[in-house]
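I sat down with this one to look up a few things and jot them as I went. Here are the notes.

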Amino acid sequence: MNSSSTLLVRSARIRGPRLADRAVHVGSAAIAVAVAFATFAPLLAATWSARHLSQVNAATVLAPLLKSIVLCVAAFAITCPLAVGCAVATVANPGTKAVRAALIATRFLAAVPGIVLSLCAALSAAVVGTWVAAVIALGLVAAPRLLWDLRRAIYRVPAAERATAAALGATESAIFLSIVLRRARYELAAAALRNASVCFGASACLLLIPWHSAEPLSVTVVQLSMVSVSSGTTAIPVLELLLMCAALQLAASTLVARRKL
Amino acid sequence: MRERHVNVTSTLYALCPPRHLRLAGTPHPTVVFVLNAMLSSTQTTPSLLRDGRGNSRDNWLRRLTHASAICFTAAAALVATWLLIGGISAVTHENGRRLVGAAMRGIAIAGAATAIAFPLSIVAATYMAIYASSPVRKALVLSIDIGASVPGVIWAWLVLYELQALQLLELPHAHPTKVAIGMVSVTLIANCTRRVYSALRDIPPHLLENAIALGASRWDALRIVGFRSSAGWLGRAALRCLTRGTAESITLMLLAHVYTGAAPTLSAYIASSGLLLHQPNRLRELMPSALLLTLICYALRRLERDPRHAEHRETP
């Protein structure tokens, strides 16, 4: 084999992987952009469909949104401290029976679909009232994911720091209050915000609760299902829901970015 | 005096850390940093040691955290008991064949939707994790995060609405199964991409860097090293998509007005029947469907568990 053919073989060897690499790069970029566009296109479509906002009574648009926010805040106010406590317990005392049971319970709750929780809420609404039932259902939807996110945030604090503090004689409460929660505060806040958006989105699951008032209690699927699929006015509550979720996710991402800085 | 004792101990620890810390790969600077942080900036630990409040705080913390854990357990036990009692007592009112048929349809539709959404997710996540520059990656991750946080039924409604508005879909004439698979795929894709992206980001960077340094292209490094090292996580992500797809087949209730005679999936059946009933006594008739749906989702989630990986990496 002369020198020119050796060079050709070498160049082919080099070109092969590079071409494949370039092809994968371009192809995957196209699909990634398509996926992102598929995420944003409905948002733009909802914005466009909501252009008749001025023709709609503001009260009918804002009231469900405000009720949704109240429901989510109430659900989060109950769930968040419980989730923080349970996350700390699972990290601090992972071997105890209560913690093991809580982990199993969390896995079970995470597997229960939203529509089933909605059905449970609808059945219990006659006993405890629609608002309480809705808050409990939302809390149960948000709780497992929030707990796992908090655990992950706590685990990001190196175990060696906790071990060293314990070896120095620091109490358990001091370790968690002054080291773990302090070091992981951005991750904890981001996890809470991210799950608040999930909780807000989950208000769409409350469709089975028999509301006694004429207007729906929240930005729910009731509005989607009770009207025709082709109705454009439904786009307004959908847009509200999307914007709320987007704002919460953006806030969470900003917090995480700040932590990295 | 106590502070002096702690300082001496901290110096000793900084100079010669215990064996378990060395085995854990903890470098000396970390230990020094922690000791400095504890002793100079926060001052919480020495003060707690000094005034003896630590024990009572510890007890309170333990009680509170255990109470939280018990609350979680009680909530799950309540839901499980309710489902079991309600489902078993109402099963006589339910047509068993219809339930099983709806369950099978739900899994089949979710499986087909996963088969469409998952490969697309792998490709998109590969670009985001390996090829994309930092600003592009941040923008894509944000859009995927937003998509994953919105319930699938909202996306499905928007897609249906837009396709009809653009006259690309004529609902009464379109095949119901194809429309169903398309709707569930749309609801899955953002969530799938997020999970696969997380799995790919967890690949140790030095593995890919070594492969590239040995002459492999980035695609080869990813194919040979990356995908193999995260195969378990990718499998889990696929199963998670299937589980979510089974639960998200609630989106098909949006088609209940159009295909009145079509047999729905379990969750769509609960949603559409519940909306029509809206009577607590008759809602109980849906409990067997809810129980069956929960059992299917729980069984699928149990399949996902991989004991080889650290527990804290799990996410519900």
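First, my helix rule: helices (H or I, at least four residues) and strands (E, at least two) are DSSP runs, numbered from the N terminus. By that rule I find B:Pro135 in helix α7 (residues 134–149) of chain B.

**Ground rules**

I am working on a predicted model, in which local features need pLDDT of at least 70, side-chain atom pairs count only at pLDDT 80 or more, and totals for chains, interfaces and linings use all residues. Residues are numbered from 1 along each chain as its sequence is written, chains are lettered from A and ligands numbered from 1 in the order in which they are written, and side-chain values use heavy atoms, with hydrogens and water left out.

**Confidence**

I checked the scores before anything else: the model has ipTM 0.77 and pTM 0.76. For chain B the average pLDDT (the predictor's confidence in each residue, from 0 to 100) is 75, and 75% of the residues score at least 70. Two stretches of chain B stay under 50: residues 1–28, with 32 contacts beyond four places in sequence, and residues 307–316, with 28 such contacts. Contact here means heavy atoms within 4.5 Å. Where pLDDT is low, the predicted coordinates should not be read in detail.

**Chain A overview**

I counted 10 helices and zero strands in chain A. Of its 261 residues, 56% are buried; buried means under 20% relative accessible area, exposed over 50%, partly exposed in between (1.4 Å probe, protein chains only). Among chain A contacts between residues at least 6 apart in sequence, 79% join residues at least 24 apart. Chain A exposes about 11100 Å², with carbon and sulfur atoms supplying 68% of it; that area comes from the Shrake-Rupley method with a 1.4 Å probe, and for residues only the protein chains shown count as cover.

**Back to B:Pro135**

Is B:Pro135 buried or exposed? I get 58% relative accessibility, so B:Pro135 counts as exposed. Its C-alpha atom is 27 Å from that of B:Ile224, 89 residues away along the chain.

**Cysteines**

How many disulfides are there over all chains? I get one, taking a disulfide as a pair of cysteine sulfur atoms within 2.5 Å. The partners are B:Cys192 and B:Cys241, with sulfur atoms 2.1 Å apart. B:Cys192 is in helix α9 (residues 176–201) of chain B and B:Cys241 in helix α12 (residues 231–248) of chain B, so the bond ties together parts 49 residues apart in sequence. B:Cys192 is buried at 0% relative accessible area, and B:Cys241 is buried at 3%.

Why is A:Cys80 not bonded? Its closest cysteine sulfur, in A:Cys199, is 10 Å away, which is too far for a bond. A:Cys80 counts as buried at 19%. I tried B:Cys71 too: the closest cysteine sulfur is in A:Cys86, 9.0 Å off and too far for a bond. B:Cys71 is partly exposed at 37%.

**Salt bridges**

I count three salt bridges over all chains, each a side-chain nitrogen of Lys or Arg within 4 Å of a carboxyl oxygen of Asp or Glu.

- A:Asp149 pairs with A:Arg152 at 3.3 Å, N to O. Both sit in helix α5 (residues 130–155) of chain A, three residues apart, about one turn of the helix. A:Asp149 is buried at 8%, while A:Arg152 is partly exposed at 29%.
- A:Arg183 pairs with A:Glu161 at 2.4 Å, N to O. This pair links distant parts of the chain, helix α7 (residues 172–183) of chain A for A:Arg183 and helix α6 (residues 159–167) of chain A for A:Glu161, 22 residues apart. A:Glu161 is buried at 3%.
- B:Asp145 pairs with B:Arg194 at 2.3 Å, N to O. Helix α7 of chain B holds B:Asp145 and helix α9 of chain B holds B:Arg194, 49 residues apart. B:Asp145 is buried at 7%, and B:Arg194 is partly exposed at 24%.

I also looked at B:Asn191, in helix α9 of chain B. B:Asn191 is buried at 8% and touches B:Ala148 and B:Arg244, not counting residues up to four places away in sequence.

**Nonpolar core**

The largest nonpolar core has 156 residues, and those with the most contacts inside it are A:Ile115, A:Leu119, B:Val179 and B:Met253. Helix α6 (residues 96–131) of chain B gives the most to this core, 15 residues. My rule for a core is a set of buried Ala, Val, Leu, Ile, Met, Phe, Trp, Tyr and Cys residues joined through side-chain atoms within 4.5 Å. Among the residues A:Leu119 touches are A:Leu208, B:Ile270 and B:Leu283, not counting those up to four places away in sequence.
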